[in-house]
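What follows is a guided reading of one protein model, moving from its overall character to a few chosen places within it. Please keep the sequence and the coordinates at hand while reading.

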Amino acid sequence: MVDDSEDPNDDEQYHLEVSPEDVADTVLLPGDPDRVETITAFWDDAEERARHREYRTLTGTYEGTEISVTSTGIGAPSAAIAVEELARVGVDTFLRVGSCGAIQPDMEVGDLVITTGAVRQEGTSHAYVREDYPAAADYEVVTALVAAAERLGYDYHTGVTMSADSFYAGQGRPGFDGYEAPEMDTLVEELQEAKVRNIEMEASAIVTLASIFGLRAGAVCTVYANRETGEFQVEGENRAAETASLAVKLLAKMDEVKAEAGADRWHAGLSIE
């Protein structure tokens with residue numbers, strides 16, 4: 001017998017403790033709960049609706065557009081819980097807002113990376129769908145993030161992200177006491193040769209789950225480190241936060257234009273000016 005308090009179909013979700021009235025249709029997903037204030041600093045207003053474990057949810061408006069943010073903690077398992085439970089209360093669009101390590105030499109600390117697709121090197125999405133299913137970001141979300149970065153004048157890159165389950169061994173770093181995982185020495189080089197742009201820990205699970213649920217998702221991350229050049233600095237967090245917030249406004253405009261045109265999907269022939 002299932003305990004009612006753990007029933008995932010209750011209106012108030014078990015882990016996030018949110019109900020349908022607590023969130024907007026589009027939710028930003030940072031990992032760190034403390035990054036929530038960095039994001040809402042760009043909004044017109046924000047009100048905390050729930051806080052439980054690593055999950056912290058605020059809802060407000062950005063330039064008149066309703067918007068929410070929910071922190072997910074570190075890694076794909078907790079991010080997948082957030083996507084599951086937010087989808088259950090009516091959310092249809094997810095934008096990961098995070099930090100990452102770049103692996104191509106032309107990328108600077110503080111640049112943005114907008115994910116177009118991801119290498120599913122985490123295990124969570126494999127619990128949902130076969131391993132050869134693609135982790136593709138929704139093209140409307142990608143377009144909105146690119147347009148937002150362009151309007152704000154931020155340097156950005158688009159391309160494939162690798163999402164790992166481990167910050168250390170899973171990303172080609174030595175473990176405790178110098179432990180070296182199998183194939184650790186060649187991991188980053190192989191990804192570089194395949195033109196993968198960056199490494200982080202949540203994007204592939206978020207976009208995969210959204211895709212199989214018929215929802216929209218994408219990711220924008222700030223480069224904190226470049227594994228090729230050795231540069232590291234916590235810089236540019238605000239850029240990802242502002243870019244994602246503006247992208248939500250642009251997505252809302254896309255949806256309005258689609259409705260007016262009777263189109264199922266936004267395309268380049270439809271203006272969002």
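**From overall charge to local detail**

The protein carries 20 positive and 54 negative side chains, and the centres of these two sets lie 4 Å apart. The model is a predicted one, and every value given here should be read with that in mind.

Turning to the overall form, the C-alpha trace spans about 55 × 50 × 35 Å along its principal axes. A compact globule of 273 residues would have a radius of gyration near 19 Å, and the protein, at 18 Å, agrees with that expectation. Its secondary structure consists of 6 helices and 10 strands. Of the contacts with a separation of 6 or more, 74% are between residues that stand 24 or more positions apart. Buried residues account for 53% of the 273 residues, while the accessible surface comes to about 12,300 Å², with 47% of it belonging to carbon and sulfur atoms.

A place to see such long-range pairing is strand β1, which covers residues 26–29 and includes threonine 26. Because its relative accessible area is 8%, under the 20% limit, threonine 26 counts as buried. In space its C-alpha lies 5.9 Å from that of phenylalanine 94, although the two are 68 residues apart in sequence. When residues up to four places away in sequence are set aside, threonine 26 touches Ile67, Ser68, Asp92, Thr93, Leu95 and Val248.

Glutamine 192 offers a second view, this time from a helix, since it lies in α4, which runs over residues 184–193. Is this polar side chain's residue buried or exposed? At 17% relative accessibility glutamine 192 is counted as buried, because the limit is 20%. Its side chain is joined to that of glutamate 228 by a polar contact of 2.8 Å, and, leaving aside neighbours within four places in sequence, glutamine 192 is in contact with Ile103, Gln104 and Glu228.

The next helix to consider is α5, spanning residues 203–213, which is largely enclosed by the rest of the structure because 8 of its 11 residues are buried. Those buried residues are Ala203, Ser204, Ala205, Ile206, Val207, Thr208, Leu209 and Ala210. In an α-helix there are 3.6 residues a turn, so residues three or four places apart point the same way. Just after α5 comes glycine 214, which takes a positive phi of about 75°.

Terms used. Residues numbered from 1 in each chain as written. Predicted model: local features only at pLDDT ≥ 70, side-chain atom pairs only at ≥ 80, totals over all residues. Heavy atoms only, no water. Helix = DSSP H or I, 4+ residues; strand = E, 2+ residues; numbered from the N terminus. Rg over C-alpha atoms; globule rule 2.2 N^0.38 Å. Buried < 20%, exposed > 50% of the residue type's maximum accessible area, 1.4 Å probe, protein only. Contact = heavy atoms within 4.5 Å. Areas by Shrake-Rupley, 256 points an atom, 1.4 Å probe, with all protein chains shown as cover. Lys, Arg positive; Asp, Glu negative; His and termini not counted. Charge placed at Lys NZ, Arg CZ, Asp CG, Glu CD. Polar contact = N/O pair within 3.5 Å; in protein donor to acceptor, adjacent residues only side chain to side chain.
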